[in-house]
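Hi,

Here is the structure I promised to send over. Have a look at it first, then read on for what turned up.

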Amino acid sequence: MPGQIHGLEAAKIRSNLERVRSTAGDQVEILAATKYVPVEEMGALAEAGITLVGENRLQDLEAKRERWADSFQWDFIGNLQSRKVKSLLPICRLIHSVASDSVLEQLGRHADPSTEVLVEVNVAGEQGKGGVEPSELAAFIEHCPVRVSGLMTMPPFSQDPEASRPHFARLAELCAEHGLARLSMGTSQDWQVAAEEGATIIRLGTVLYA
């Protein structure tokens with residue numbers, strides 16, 4: 001797969017993890033996004049003290065979990081196709097990207113009472129981007145057959161972390177309005193802003209590995 005990261009060093013990752021944690025605070029969960037981390041490199045993450053990982057594709061999540069199951073908690077953070085829901089439910093802690101009626105239908109069929117999910121919100125109103133519109137969020141949560149414990153968003157990409165702040169602030173408002181506890185927001189380039197705006201989970205890649 002193009003863009004795969006090789007030669008990960010546990011000591012470097014541990015140092016990066018400690019630096020992020022000292023800024024973000026202990027109350028923020030640091031999720032290592034492992035889309036570009038091959039199966040054989042996952043051991044370096046475990047050795048570095050990473051405990052929570054997020055995968056973008058079911059197939060990769062299955063392969064990595066088969067080898068490293070007990071080393072991590074596993075979240076799904078990628079674009080969610082409804083036909084993958086049944087397979088994902090038994091193998092991950094949280095799905096971060098619930099955003100369609102077809103996914104809700106599959107959750108209703110295959111989830112159990114312990115299932116909890118995050119709803120992805122298109123806070124910026126970007127055309128063609130996944131996520132529930134803020135105006136439709138209340139109805140969507142009401143129709144969700146499992147427990148919605150929080151919200152997730154991916155703001156428009158910008159080199160300037162501050163450009164993400166209004167979107168993170170809006171997601172935090174929505175979370176409070178609906179009495180939800182989890183806020184999954186912030187990636188390698190804007191995680192500090194996300195933490196300042198109340199993120200409870202930040203999804204990091206290169207900032208941990210480089």
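How many of the 210 residues of the protein chain count as buried? The share is 49%, where buried means under 20% relative accessible area with a 1.4 Å probe, protein chains only.

Before you go further: this is a predicted model, where local features need pLDDT of at least 70 and side-chain atom pairs count only at pLDDT 80 or more, while totals for chains, interfaces and linings use all residues. Residues are numbered from 1 along each chain as its sequence is written, and side-chain values use heavy atoms, with hydrogens and water left out.

Now the overall build. The protein chain has 9 helices and 8 strands (DSSP runs: helices are H or I with at least four residues, strands are E with at least two). Its radius of gyration, taken over C-alpha atoms, is 16 Å, which agrees with the value near 17 Å for a compact globule of 210 residues (the rule is 2.2 Å times the number of residues to the power 0.38). Those C-alpha atoms fill a box of roughly 45 × 35 × 30 Å along the principal axes.

As for contacts (heavy atoms within 4.5 Å), take those between residues at least 6 apart in sequence: 56% of them join residues at least 24 apart.

On the outside, the protein chain exposes about 9900 Å², with carbon and sulfur atoms supplying 46% of that (Shrake-Rupley method, 1.4 Å probe).

Happy browsing!

Key: Buried means under 20% relative accessible area, exposed over 50%, partly exposed in between (1.4 Å probe, protein chains only).
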